[in-house]
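Student: I would like a close look at one single part of this model, taken slowly and with the criteria spelled out.

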Amino acid sequence: MKRILKWIVRVVFVLLLLAFLFVFVAYWRSTNDCGRYTTAPAHPMKAIVYCDYGLANLKFQDIEKPVPEDDQVLVRVHAASVNPYDWHFVEGTPKIMRAMGVGLRKPKEMRLGVDYAGTVEAVGKNVTQFKPGDEVFGGRDGAFAEYVCPRASRAIALKPGAVTFEQAASLNIAGITALQAVRDRGKVQPGQKILINGASGGVGTFAVQIAKSFGADVTGVCSTKNLDLVRSLGADHVIDYTKEDFTKSDQRYDVVLDNVANHSLREFRRILTPTGKYVMIGGGGVNEQGLIGMLARPLKAMVLSKFVGQQMGMMMAEMNQKDLTVLADMMQSGKLKAVIDRTYKLSEVPEAIRYVEEGHARGKVVITVD
C-alpha cells in the first residue's frame with residue numbers, strides 16, 4: 001500500500017511539474033506582431049493599438065487602412081462606444097482570460113473596440129445587401145479606428161435615418177445584451193414583475209425600456225442621482241440602493257436582471273417567485289477580477305438551479321444582424337433611446353476606458369471619430 005502511495009505521489013509531482021513547465025514556456029512564448037506597427041503604413045488611418053496589457057500601453061497612431069475581402073464592407077467610422085468588455089481586454093482580466101487564448105504575457109489581438117456606426121465606403125465583390133454611401137452600425141473588433149471591415153452577414157445593419165451615429169454606436173453590445181436578457185433568458189411576459197439591478201448603466205438603460213415595451217412592470221435599482229433618469233426611461237418603480245436594500249423587501253419578482261452582482265445568490269433567490277428567473281449579466285467591477293473574477297458565481301448559479309424551482313444563471317449575448325435590426329426599428333419608432341453620458345475623441349480612448357472602469361457611467365460612453 002505504501003509503495004502504491006509513493007508512486008501516486010511521484011506521478012502527481014511529475015504531472016504538476018509538467019504543467020508548470022508548460023505554463024512557463026507558454027508564458028514566455030506568448031507574444032504578438034506589434035512590430036508591424038513600427039513601419040510607416042502605405043495607406044494610413046488613425047487607430048488605438050496596444051502591445052502590452054494596461055491602459056498606459058494604449059497608443060493612438062497610424063496603421064494600415066484595411067481592404068475589404070469579398071464578403072466584407074469597408075466602413076468609415078463616425079462614432080464608436082466603450083463597453084466593460086473593452087477594459088477587460090485592456091487589463092487582461094480576469095487573468096484566466098489570458099490562458100484561454102487572449103494572450104498569457106501579451107495581448108494577441110492588438111486592436112480595441114467593438115461597437116461602431118459609420119458610412120460604407122466600399123464593398124467586396126460578393127456583397128449585395130450593402131452599397132457605398134449606406135449608413136450602418138454594428139460590431140467589429142478594432143472599432144476604435146477610422147475604418148473597420150465587418151463581414152456583411154454578421155453584426156451589421158442599416159442605421160435608421162432618425163438616429164444619430166452616436167446613438168447607433170451605443171447599441172450593439174449593450175442593446176443586444178439587454179434584448180436577449182429580457183426576451184430570451186428572462187422570457188418576460190406582459191404583466192410580469194421584473195427587477196433590473198444596475199438600471200442606469202449601459203445594459204440597464206436599454207433593459208428598462210425593452211422590458212416596458214414587452215408590457216412588464218419594471219423596477220429599476222440605481223443610485224440617488226440616477227433615480228429621475230431611470231423613471232424617465234419608463235420604470236414603474238425605482239429603488240435607491242444607497243438608502244434601501246431591495247433584497248429585504250417583501251416584493252417578489254418573476255425576473256431579476258443583475259448587472260452588478262452586489263448581493264449573494266441566496267439574497268436574490270429570496271425576492272424571486274418560486275419559479276422566477278435570475279439572469280446575471282457582466283463580469284463584475286475592476287476590483288473583483290483576480291484569477292477568475294466573477295466566473296465562480298454563474299457556476300454556483302447553474303448548480304443551484306438543479307436543486308430549486310427557480311432558474312438561475314449567466315448569459316452571454318450573441319451579436320447578430322437580426323437583433324440589431326430589431327433594435328434599430330425600436331429606436332426609429334421611439335420605443336428605445338440611447339442614454340449617452342459622455343463623449344470623447346478617438347485620441348482620448350484611454351480616458352474614456354478609465355471612466356468606464358470606475359463603474360459609474362450613466363448609460364453609454366461614446367467615442368467620436370470625425
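Student: How many Å should the residues of helix α10 span, and how far apart are its end C-alpha atoms?

Tutor: This is a predicted model, in which local features need pLDDT of at least 70 and side-chain atom pairs count only at pLDDT 80 or more, while totals for chains, interfaces and linings use all residues. Residues are numbered from 1 along each chain as its sequence is written, and side-chain values use heavy atoms, with hydrogens and water left out.

Helix α10 (helices being DSSP runs of H or I, at least four residues, numbered from the N terminus) comprises the 13 residues 321-333, which at 1.5 Å a residue should span 18 Å, and its end C-alpha atoms are indeed 18 Å apart; the expected span is 1.5 Å times one less than the number of residues. Buried residues, meaning those under 20% relative accessible area with a 1.4 Å probe and protein chains only, are D323, L324, L327, A328, M330 and M331 in α10. They cover an arc of only 160° around the axis, which puts them on the same side of α10, the arc being that of the directions from the helix axis to the C-beta atoms. An α-helix has 3.6 residues a turn, so residues three or four places apart point the same way. The buried residues of α10 pack against β5 (135-139), β7 (156-158), α4 (165-169), α5 (172-185) and α6 (202-213), where contact means heavy atoms within 4.5 Å and strands are DSSP runs of E, at least two residues.

At the N-terminal end of α10, N320 acts as a cap, with a side-chain oxygen 3.2 Å from the backbone nitrogen of K322. Just after α10, G334 adopts a positive phi of about 90°.

Definitions and conventions:
Buried means under 20% relative accessible area, exposed over 50%, partly exposed in between (1.4 Å probe, protein chains only). A polar contact is a pair of N or O atoms within 3.5 Å; within protein, one must be able to donate a hydrogen and the other to accept it, and residues adjacent in sequence count only if both atoms are side-chain atoms.
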